[in-house]
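Please find below some notes on one region of this model, set out as numbered points for you to check against the coordinates.

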Amino acid sequence: MSGRITAVLGPTNTGKTHYAIERMLAHRTGVIGLPLRLLAREVYDRIVKARGPSVVALVTGEERIVPERAAYWVCTTEAMPDLGADFVALDEIQLCADPERGHVFTERLLTARGLHETLFLGSETMKGAIAALVPGVQFTRRERFSHLSWAGSKKISRMKPRAAIVGFSVENVYAIAELLRRQKGGAAVVMGALSPRTRNAQVAMYQNGDVDYLVATDAIGMGLNLDIEHVAFSATAKFDGRRMRHLFPHELGQIAGRAGRHTQDGTFGVTGEARVLPQEVIEAVENHRFAPIQRLQWRNPRLEFGTLPRLIQSLEESPSNEWLVRGREADDLRALKSLAETPEIRDRVSHANDVKLLWDVCRIPDFRSISEAEHATLLARIFGFLQTGKGVPSDWLAGQIARIDRVQGDIDTLSKRLAFIRTWTYIAQRKGWVDDESHWRAETRAVEDRLSDALHGALTQRFVDRRTSVLLRRLKQKETLVAEVNDKGEVSVEGEFAGRLEGFRFRQDATTSPDEAKMLARAAYEALKPEFSLRADRFYNAPDTELDFTEQGGFMWGTTAVGKLVKGSEPLKPAVEPFVDEEAGEDVAEKVRRRLQHFIDRKVAALFEPLLAMGRDEGLTGLARGFAFRLTEQMGIIPRETVAAEVKELDQEARGLLRKHGVRFGQYTIFQQALLKPAPTRLRLVLASLWDGLAEFPESPPPGLVTIPHIPEVGAMAYTLSGYRPAGSRAIRIDMLERLADLLRTQDSRAGFEANPDMLSITGMTLEQFADLMEGLGYKGEKGERVKARAVAAPEPKTPEPGEEASANPIPEEASPLAEAVAAAQTEGAEPEMEVFFTFTWAPRPRHPRGERGPRREGNRDGGAPQGAREGGEGGGRRHGGNREGGNREGGRDGGREGGKPEHRGDRGERKFGGKPGGDKPGGDKFGGKGPKGGKRGGPKHEGARQFEARPPKKDKPIDPDNPFAVLAALRDKK
């Protein structure tokens, strides 16, 4: 007896499954068969929610939940029981044509009936077959709720959100998911091999908006109701277990139909290397018009268990109906044939019960998919256990499960373990196969759950960027994002690392993809707006001690760059450019700019205070004021040769006014002593380089060094701004050079002189290095070698005898030092110790070709002193080119005492300083000069220090006792 039989046919997205559930719940009892374990679990959960777990049973090959009062049975098609229920439904009835499982669906189509109502759900292509095979059936067509249209080919990188990309191999699915992670933030993965727990977790990520993309196999085409707007095929061919073949139009339509939910339209297309579908196939899918199914797969359900040959024969029997065709040899039949050929098994199967038991064992699916031989070996062992009547031994089963119960490993490893546990789950579900069925069902289910969770975690870790998914979900929900910045500047949005906040610029994580980077930046900036304002307030109120400028013109707030200097209206009035992201807002940028401008203005005012004070001094007039302006332009340091004419025009009163502001008129350089300190020097280099528009600024030398290396590639102006003057292979600090010049003025530069310890002490050099320095200053050093003199103790003075007169010379004549040294060496039988010495003479470089007479140099009538000793009169007496206008007093101050006590740190801690050349070519100054009037260059040498005058000699004035050279003059007169 059977009730009404109805076939509800139509395309996907017509609510057929939902209609079947409603019809089943309208009856007292019911059974529904579904094609997938995944779909069965989904329907089970929906009915439990409606009626409670006490009346709903779930039966699949690997899961069995059967309460005592079960009224509604949700099953996979293979596991449908024959209960005589009031209602029976069979979903996806078009699978009757499937080569692998079609015979199972065909058998249910022919035999499964409800007492009051039977429903067949599926594609309209089955209408003819059902009408021919099921008498009295009524047909109902359900139209699709939304429209499905072709969208063409699209790259994955341009795929819109809420799309599903379909692949037909695990490798293809993983590759697509990996690409989506890099470009779109991630994807959920759905495959038929996943456990329901893993599949549900992956689907939940997609449905909740954690990810916008789904990568799936063709399993997506059966019953998975998801919010998919577009389906893209990455391939249009698949391996069907035997060979690679193109998908049939109705198979494409089944999968493409998942696009569009309820009344929302959907689209389908291709991506990757998939070819564009033919126009006729596109139209068939859009209109859901496919060729009707002509043949259904069938296998004889009436089996004979007398002997193994009779069982195999009954399984291979052909159908008599023209609508039916014998199906492809299934896995269970192949396993049976394989075991039947094994002598050990064949000898042990002697009764019909043995044959039936062996057939039941052969129906264990090959979840592991290792090889047919491996699977047959496992089946033989299980059959051996079951044939004893004791079932599978618990200790052996426990060992097998223990090897699988491990959650460590990658996706492939965890997937294999899940496949293996499905075998033991299937065995535990068979009645009488294990000792304690409840225990082993629970145990295998627990292991499967643990492995499922681990696999979900591995899939998520590999194919989903959790940071991106969290931000996407919150942005879609239009919720306020919470951003935090720790003491290291690390920015986290909703607990996910997003990048670093460096000052007022956000540097997002470089590991993000371009598309992800845009989204992440948008989320981070939205959340960082309050932080930008708070940070700007802290910066504006920060003391100057927290700020600094770099030698390349940048601004630092602690260890963070917050801006840079830019060229202003004057060298000492630079402007600033803050480093503030545009997203922070104009108010934040302006506040940062004002604070930086205040800082640099105060820094210039403090470090250049002597220079600025001189510029503001209204007491400076005339030539003094003009010279002060020149000095301000050059930031407190001017090489003397560049302003020689202006210095000559300054009278003593003007110079005195300038000296009150710390200006020192040196022989080589005119400078303010206070501006030679490290801090003003560092700022001077930055401001001058900024004004000159250099791409790279020269670095300031380490503080305290008397000399530094002279690098030819570095312009002379860079050395001048640093407070140094190049001379030979070294550059000497200009204040220490002036102290050296004071000592050189006391020497006879015509006859020659040797370096004394004071000269070497000032420069911190060895004698060889000093000789190179002197050559750079215009002196010629002649190297010599002599026997090192040894100190000879003076003999005791002879006490005169009574009546004798004391000697007029109490100190007896001494032997020459050379004779004493030689005598001592001969006495000791050793070679005399030699020493190297240099004799320095003034040797200016000629400015004019030979035979060409240059202009007469004023004040250098003996040709024996540099320019600074002639012009302006600083630093020398008349005999050595001194100034006749009280030069000793002025020169004594400027050339000696103003220098201060040097720091004799030598050349320690030297490092290269420089940058790109600043304009002037390096090289020492060229000092000219002439010999005696009417004489020729290169004439005969004169012994001693001879003087030549171009005018009648004047009477020497009385020596001023306050003159610092009075002692030297007195010593001269004694000679």
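1. Phenylalanine 555 stands opposite glycine 563 in strand 25. In this predicted model, strand 24 (residues 554-557) and strand 25 (residues 560-570) run antiparallel and are joined by 4 bridges.

2. Strands 24 and 25 belong to an open sheet of 4 strands, whose order is 23-24-25-26 and whose pairing is antiparallel. Strand 23 (547-549) and strand 26 (573-578) each have a single partner strand and stand at the edges, so one side of each is left without a neighbour in the sheet. On average, and with direction ignored, neighbouring strands of this sheet are turned by 30° against each other.

3. Two helices should be considered together with the sheet. Helix 19 (residues 586-607) lies across strand 23, strand 24, strand 25 and strand 26, and runs at about 150° to strand 26. Helix 24 (residues 678-692) also packs on the sheet, where it touches strand 23, strand 25 and strand 26, and its direction makes about 65° with that of strand 25.

4. How do helix 19 and helix 20 cross, and at roughly what angle? The axes of helix 19 and helix 20 (residues 609-616) come within 5 Å and cross at roughly 80°; because angles of 65 to 115 degrees count as roughly perpendicular, that description applies to helix 19 and helix 20.

5. The contact between these helices is made by Val604, Ala605, Ala606 and Leu607 in helix 19, which meet Glu609, Pro610 and Leu612 in helix 20. By class, the residues of the contact of helix 19 with helix 20 comprise 6 nonpolar, no polar and 1 charged.

How values were computed:
Residues numbered from 1 in each chain as written. Predicted model: local features only at pLDDT ≥ 70, side-chain atom pairs only at ≥ 80, totals over all residues. Heavy atoms only, no water. Pairing = 2+ DSSP bridges. Axes fitted to C-alpha atoms, helices over the stretch in contact; angles between N-to-C directions. Contact = heavy atoms within 4.5 Å. Parallel < 35°, antiparallel > 145°, perpendicular 65-115°, else oblique. Nonpolar A, V, L, I, M, F, W, Y, C, P; charged D, E, K, R; others polar.
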